[in-house]
Amino acid sequence: MMSLSVRRTLVAIAVLGTGLAVAGVSVAASADLEQEQKPRPVRASVVGSAEFVLPYHQDKDVRSFTFDAQAAPYSRPLPGIPGGLPTDARGTVKVSHYSAERDITYTSKGRVDCLVTGVRTATLTAVITEVSPGGPPNVGKRVGFSVYDGGAGTGKGRSTDRVGFSWNGVNLLPKGSAPPQEAPVGTCMAPAPYAPVTKGGYVVAHAELPSPPPSPKGSTEPAGSSPK
């Protein structure tokens with residue numbers, strides 16, 4: 001038979017183990033609660049610079065995007081929408097493409113006009129304002145981008161971020177038997193972030209789209225609504 005002293009020892013060990021488990025659960029719950037209670041940014045943003053590769057086309061070219069975009073809700077009046085939209089944004093994008101075949105780097109810059117975020121994700125659009133010599137004739141054209149912020153990466157120097165963009169055959173408009181043309185890009189429109197980042201990275205700060213500001217005195221419509 002088990003002695004009384006042995007039974008007492010086993011009971012004490014069991015009680016100690018239960019206490020440690022409860023303490024561990026409490027610490028984890030406390031950490032989760034603290035994370036949930038962290039104040040979210042008042043305005044969404046996407047910042048960073050990174051190189052990426054095309055998963056469907058391998059070459060020696062070097063492609064990169066640089067984003068510095070911030071939400072600016074209800075700041076861009078439109079015809080019929082004098083108060084602007086909750087997705088209005090400002091900032092800049094820079095596109096860089098080194099062509100190994102031509103041994104030259106083409107760049108373009110754009111002005112951000114729209115930004116929408118989710119948790120670790122964002123879509124944004126920009127109107128191209130400047131293109132380097134020899135680059136595509138895109139001045140005045142709206143282009144779209146998507147971003148996935150993978151966090152700190154794998155710990156082996158590998159980023160888990162991804163980007164997507166609205167050209168290179170992902171935004172075509174098929175029409176009958178004619179070759180499909182590239183379709184126009186609307187505000188905040190972009191494909192999923194399909195291209196893996198290989199160097200650098202992005203930070204997406206998510207914020208919910210805000211309600212319209214108060215209506216001007218004497219008006220019954222929200223400031224951002226269109227007249228009926």
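This report walks through the fold, the core, the largest pocket and a few single residues of one protein chain.

The model is predicted, so local features need pLDDT of at least 70, side-chain atom pairs count only at pLDDT 80 or more, and totals for chains, interfaces and linings use all residues. Residues are numbered from 1 along each chain as its sequence is written, and side-chain values use heavy atoms, with hydrogens and water left out.

## Fold

The protein chain holds one helix and 10 strands. From the N terminus, the order is α-β-β-β-β-β-β-β-β-β-β. Helices (H or I, at least four residues) and strands (E, at least two) are DSSP runs, numbered from the N terminus.

The chain has 228 residues, and 29% of them count as buried. Buried means under 20% relative accessible area, exposed means over 50%, and partly exposed lies in between (1.4 Å probe, protein chains only). The accessible surface is about 14200 Å², with 60% belonging to carbon and sulfur atoms. Such areas come from the Shrake-Rupley method with a 1.4 Å probe; for residues, only the protein chains shown count as cover.

Take the contacts between residues at least 6 apart in sequence: 55% join residues at least 24 apart. Contact means heavy atoms within 4.5 Å.

## Core

In soluble globular proteins, nonpolar side chains tend to be buried together. Here the largest nonpolar core has 29 residues. A nonpolar core is a set of buried Ala, Val, Leu, Ile, Met, Phe, Trp, Tyr and Cys residues joined through side-chain atoms within 4.5 Å. Phe65, Phe67, Leu115, Leu124, Phe145 and Tyr202 touch the most other members. Strands S1 (45-52), S2, S3, S4, S5, S6 (142-148), S7 (162-165) and S10 (195-205) each supply at least two residues of this core.

Leu124 shows the packing. Beyond four places in sequence, Leu124 contacts residues including Phe67, Val93, Leu115, Phe145 and Val147.

## Largest pocket

The largest pocket has a volume of about 550 Å³. A pocket is an open set of points on a 1 Å grid over the protein atoms alone, where a 1.4 Å probe fits, with protein on both sides within 12 Å along at least five of seven lines; lining residues have an atom within 4 Å of a point. Grid points are joined across faces, edges and corners, and the volume is the space filled by probe spheres set on the points.

The lining has 25 residues, and Val95, His97, Pro136, Trp167 and Asn168 lie nearest the centre. Strands S2 (62-71), S3 (89-99), S4 (104-118) and S5 (121-131) each give two or more residues to this lining. The largest share, four residues, comes from S3.

## Single residues

| Residue | Place | Relative accessible area |
|---|---|---|
| Ser96 | strand S3 | 17%, buried |
| Val53 | loop between S1 and S2 | 38%, partly exposed |
| Asp103 | loop between S3 and S4 | 57%, exposed |
| Asn168 | loop between S7 and strand S8 (172-175) | 39%, partly exposed |

Ser96 touches Val62, Arg63, Ser64, Thr105, Tyr106 and Thr107, leaving out residues up to four places away in sequence.

Val53 reaches across the sequence. Val53 and Pro196 are 143 residues apart in sequence, yet their C-alpha atoms are 5.9 Å apart. Outside four places in sequence, Val53 contacts Ala195, Pro196 and Thr198.

Most residues other than glycine have a negative phi. Asp103 has a positive phi near 55°. Asn168 also has a positive phi, about 65°.
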